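Visitor: I am new to this structure. Please take me through one part of it closely, step by step.

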Amino acid sequence: MIPTNKKIAVLHPYLNNKWWAALMMIYLSNFLSNKKNDLILYTFSYNKKVFPLEETNFLIKYYNTFKVLSIFKIAYNIRNSDYIIIWNSPMHFVWVISKILFWSKAKLIWWNHHYPWYYSSNANVYIKLKRLLETKCIKKIDLLISNSKYLQQSIKSIYKRDSEILYPVLDDKFLDYNIKDKSIVFTPPTIFIYGRWVKGKNLKLIFQTYEVLKDKIPNLVLKIWWEWDLLTKYKNKSNIEGNIFFLWTLNKEQIIKNLKQSNLFLFSSKVDSFWLVILESMAFWIPVISYNVSWAKEIIKNWINWYLVNSEKEFISRSYEVLSNSSLGAKLWIWAVKTANKFWVHNFEKQLSNLFNSISVK
């Protein structure tokens with residue numbers, strides 16, 4: 001069952017951007033704190049404007065001194081915890097230091113949200129050392145968690161360790177949506193995309209798709225949101241003319257407002273392990289087009305609850321079909337919403353309870 005009255009330390013290296021992984025860490029921390037646990041979140045960097053303190057019910061401690069010194073400070077402070085939940089490298093090394101130098105008896109949980117790309121890239125000396133240390137400490141971690149079957153298989157291949165799956169949870173504000181609040185046909189037709197647009201997310205294909213479709217669909221609008229340098233680069237270098245809007249700062253309510261006014265969501269990435277924005281779009285009855293990659297197939301069943309494609313050409317042609325025929329996806333809406341409803345808090349709590357049962361602290 002979910003622990004209560006325990007000391008829990010949550011470790012995330014950077015809380016200065018609203019990445020979906022960071023948002024889930026905040027959600028998990030609030031969730032466990034609401035269960036009467038004494039929870040503290042430790043980080044190297046924290047932006048109060050991005051994650052306001054009034055949106056949390058737990059203590060956040062951040063250390064902006066020299067990172068090596070900060071690592072030892074956090075390792076000392078978490079030594080008496082019952083559970084330590086880590087999010088991203090190098091926080092698993094913090095726990096190892098706490099265990100070796102400060103005799104920590106805490107149960108360690110590592111919830112993975114991203115494929116560790118440094119295992120598949122050319123390695124410099126730093127990366128090689130990191131891999132070596134990681135393979136040593138990974139054996140001591142009590143529970144490895146993945147956010148999808150795809151990532152579970154990847155972790156098994158890389159670390160030679162089994163992991164359990166804990167799917168992310170959708171915010172209630174996305175699940176409470178009523179289709180009666182949405183007009184199916186918009187003037188002008190609108191594509192709204194949002195996410196963490198970093199290298200490898202294939203943002204270029206979004207612009208290519210819009211460039212083709214804007215000449216076929218009058219007044220087509222493209223709205224893009226993410227607070228990221230790559231988006232600035234595309235904005236400055238894009239020569240595409242048309243109704244393109246770059247939305248730099250959006251809160252949850254503004255995201256919902258834009259979803260209500262959208263006709264299509266495009267997902268061009270091939271490098272993710274799970275994307276909540278697909279489920280959020282499904283909850284708002286928005287057709288979704290994604291590449292036919294392993295993790296996406298866990299959410300999208302082609303021609304049942306939206307569309308999977310295998311090429312750029314198909315990506316663009318399917319987008320045109322959806323935008324030019326408003327009834328094309330009508331039969332898929334109900335299954336898409338049912339898919340989104342599987343990722344609500346009650347299922348999340350059930351999964352989390354089973355995971356804690358496997359490593360419970362008396």
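Guide: What follows is a close look at one helix pair, then at the nonpolar core and one loop residue.

This is a predicted model, where local features need pLDDT of at least 70, side-chain atom pairs count only at pLDDT 80 or more, and totals for chains, interfaces and linings use all residues. Residues are numbered from 1 along each chain as its sequence is written, and side-chain values use heavy atoms, with hydrogens and water left out.

Start with helix α7 (residues 203-213) and helix α11 (residues 312-324). Helices here are DSSP runs of H or I, at least four residues, and strands are runs of E, at least two, numbered from the N terminus. The axes of α7 and α11 lie 10 Å apart, at an angle of about 50 degrees. Axes are lines fitted to C-alpha atoms over the stretch in contact, and angles run from 0 to 180 degrees between N-to-C directions. Contact means heavy atoms within 4.5 Å. From α7, the residues L205, I206, Q208, T209, V212 and L213 meet E312, F315, I316, S319, Y320 and L323 of α11.

Now the core. The largest nonpolar core has 136 residues, and L11, L32, F265 and M282 touch the most other members. Such a core is a set of buried Ala, Val, Leu, Ile, Met, Phe, Trp, Tyr and Cys residues joined through side-chain atoms within 4.5 Å. Helix α1 (residues 20-33) gives the most to this core, nine residues. Beyond neighbours within four places in sequence, L11 contacts residues including M25, Y42, I78 and I84.

Last, S104. It sits in the loop between α3 (91-102) and β7 (107-111). S104 counts as buried because its relative accessibility is 1%, and buried means under 20% relative accessible area (1.4 Å probe, protein chains only). Leaving aside neighbours within four places in sequence, S104 contacts I78, R79, I84, S98 and K99.

Notes: Buried means under 20% relative accessible area, exposed over 50%, partly exposed in between (1.4 Å probe, protein chains only).
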